[in-house]
Amino acid sequence: MKLTISVIKADVGSIGGHVAPSRKLRAAVAEHIATAGKDVLLDHAISHTGDDVAILMTHTLGTGNAVIHQLAWDAFVKGTEVAKSEGLYGAGQDLLKTSFSGNVKGMGPAAAEMEIEERAAEPFLFFAADKTDPGAFNLPLYLAFADPMNTPGLLLSPKMSKGFRFVIMDVNYTEGDRVIELNAPENLYEIAALLRDPERFVVESVWSRATGEQAAVVATSRLHNIAGKYTGKDDPVMLVRAQMNFPATGEILAPFAIGHFVAGGMRGSHQMPLMPVPLLTGTSYFDGPPLVTSAGYCCHNGKLTEPVDNFAHPFWDTVRDATARKSMEMRRQGFFGAAMLPMAELEYTGIVEKLNELEPRFTVR
Ligand code: F6R
Ligand code: MG
Ligand code: MG
């Protein structure tokens, strides 16, 4: 059957700073989806990663559908009402427009959706990251879908040996979706040349070249390009199909053991390593470290199983220890050099203002 998997997420308020949404907020979102989505959705699951609430939905209405997007938008409006009534921080933060106009794209919430031909067994992984931006998934996707050092399936499986097509978006372009399609393995160096700049070039989707099936989709929205200023980190979500013609679950998870440095953490303005954490984890040290959760699902006729918590396994404790050490190492150099993000990526204007004030005081000898 043709099935659409949609995940739409937003930060509409959290407890104790940018840490985690309240139970009541999550309940309001869940209640709206359960009642208003009853006749529209095949299934759904509500979760949170850091301060972001994600609504995972299965249905048959295709991607970018107005009914589905309205459902999620209204749920976040309900969540915002609770956030305001509880005095939560950043209430309604990601709802950048006052009225809904058919699609959450460009309105604040982020969406990752794919329409697929459901397989007899349909294992897929739902990733959500907080305190970072969509380019955080560039490296894991490159390693999982293009590097046989990470993914032996690229050598072992005849279908996977045909490689994968990467659709990469220039997220600085705001007039429309500026994308390029590149094939692995032939265009490996071109793909790497773009993906090394995760603030500008972001993997939007990955496709099997053997079968044409979609393997992955990432929410690519950059909030500062919508609002014209920083309103928070973009905190991306991603869906990745696993097994058979796609990488195995373990091949998709393996790159997250690196704890690679990403944009995010304190005031959305630092470089910090990405820490894989159990589902429903909040934020802590230095408003980070940037965190990522992974829920594994299977579905049949759109009905979801319960999730498996991929980063709850004891293996990831060692990774978390290493990532915590890496975080503290980086923090030892404070604001200096690589620790703080380049000017264009800072969430605050203080440094630009200071430089402007100092400008006339420079003299040329
Ligand atoms: C992302 C997030 C951060 C904040 C940033 C600025 O979820 O919470 O990127 O947007 O720390 O927050 P303020 O200015 O509210 O302290
Ligand atoms: Mg936040
Ligand atoms: Mg967030």
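Me: Which residue coordinates both the magnesium ion (ligand 3) and the magnesium ion (ligand 2), and how far apart are the two ions?

Reply: In this predicted model, Asp-51 coordinates both ions, which are 3.5 Å apart.

Me: What makes Asp-51, Asp-52, Asp-130 and Asp-235 donors of the magnesium ion (ligand 3)?

Reply: A donor has to be an N, O or S atom within 2.8 Å of the metal. The OD atoms of these four residues lie 2.0 to 2.3 Å from the ion, so they count as donors. Along the chain their spacing reads D-D-x77-D-x104-D.

Me: Why can Asp-51 and Asp-235 be said to tie together separate parts of the chain?

Reply: Asp-51 sits in the loop between β2 and β3, and Asp-235 in the loop between α6 (223-227) and β10 (237-241). The parts they tie together are 184 residues apart in sequence.

Me: How do you know which residues are the protein donors of the magnesium ion (ligand 2)?

Reply: The cut-off is again 2.8 Å. Asp-11 (OD), His-18 (ND1) and Asp-51 (OD) lie 2.1 to 2.7 Å from the ion, so they qualify. Their spacing is D-x6-H-x32-D. Of these donors, His-18 belongs to the loop between β1 (2-10) and α1 (23-36), and Asp-51 to the loop between β2 (43-49) and β3 (52-59), 33 residues apart.

Me: Why is His-18 called partly exposed?

Reply: The class covers values between 20% and 50% relative accessible area. His-18 has 25%, so it is partly exposed.

Me: Why are Asp-51 and Asp-235 called buried?

Reply: Buried means under 20%. Asp-51 has a relative accessible area of 1% and Asp-235 one of 5%, so both names fit the term.

Me: What makes the pair formed by His-18 and ligand 1 a polar contact?

Reply: A polar contact needs N or O atoms within 3.5 Å. A polar side-chain atom of His-18 lies 2.8 Å from an oxygen atom of ligand 1, so the pair qualifies. For the side chain of Asp-235 the distance to an oxygen atom of ligand 1 is 2.7 Å. A polar backbone atom of Arg-267 is 3.4 Å from an oxygen atom of the ligand. The protein covers 86% of the 410 Å² of accessible area that ligand 1 has on its own.

Me: How do you know that ligand 1 lies between domain 1 and domain 2?

Reply: Domain 1 (1-117) and domain 2 (120-352) both give residues to its shell, so the ligand lies between them. Twelve residues surround ligand 1, among them Tyr-89 and Glu-347. By class, the shell has two nonpolar, three polar and seven charged residues.

Note on methods:
Residues numbered from 1 in each chain as written. Chains lettered and ligands numbered in written order. Predicted model: local features only at pLDDT ≥ 70, side-chain atom pairs only at ≥ 80, totals over all residues. Heavy atoms only, no water. Donors = N, O, S within 2.8 Å, 3.2 Å for Na, K, Ca; no water. Helix = DSSP H or I, 4+ residues; strand = E, 2+ residues; numbered from the N terminus. Buried < 20%, exposed > 50% of the residue type's maximum accessible area, 1.4 Å probe, protein only. Near = heavy atom within 4 Å. Polar contact = N/O pair within 3.5 Å; in protein donor to acceptor, adjacent residues only side chain to side chain. Areas by Shrake-Rupley, 256 points an atom, 1.4 Å probe, with all protein chains shown as cover. Nonpolar A, V, L, I, M, F, W, Y, C, P; charged D, E, K, R; others polar. Domains from an automatic or database assignment.
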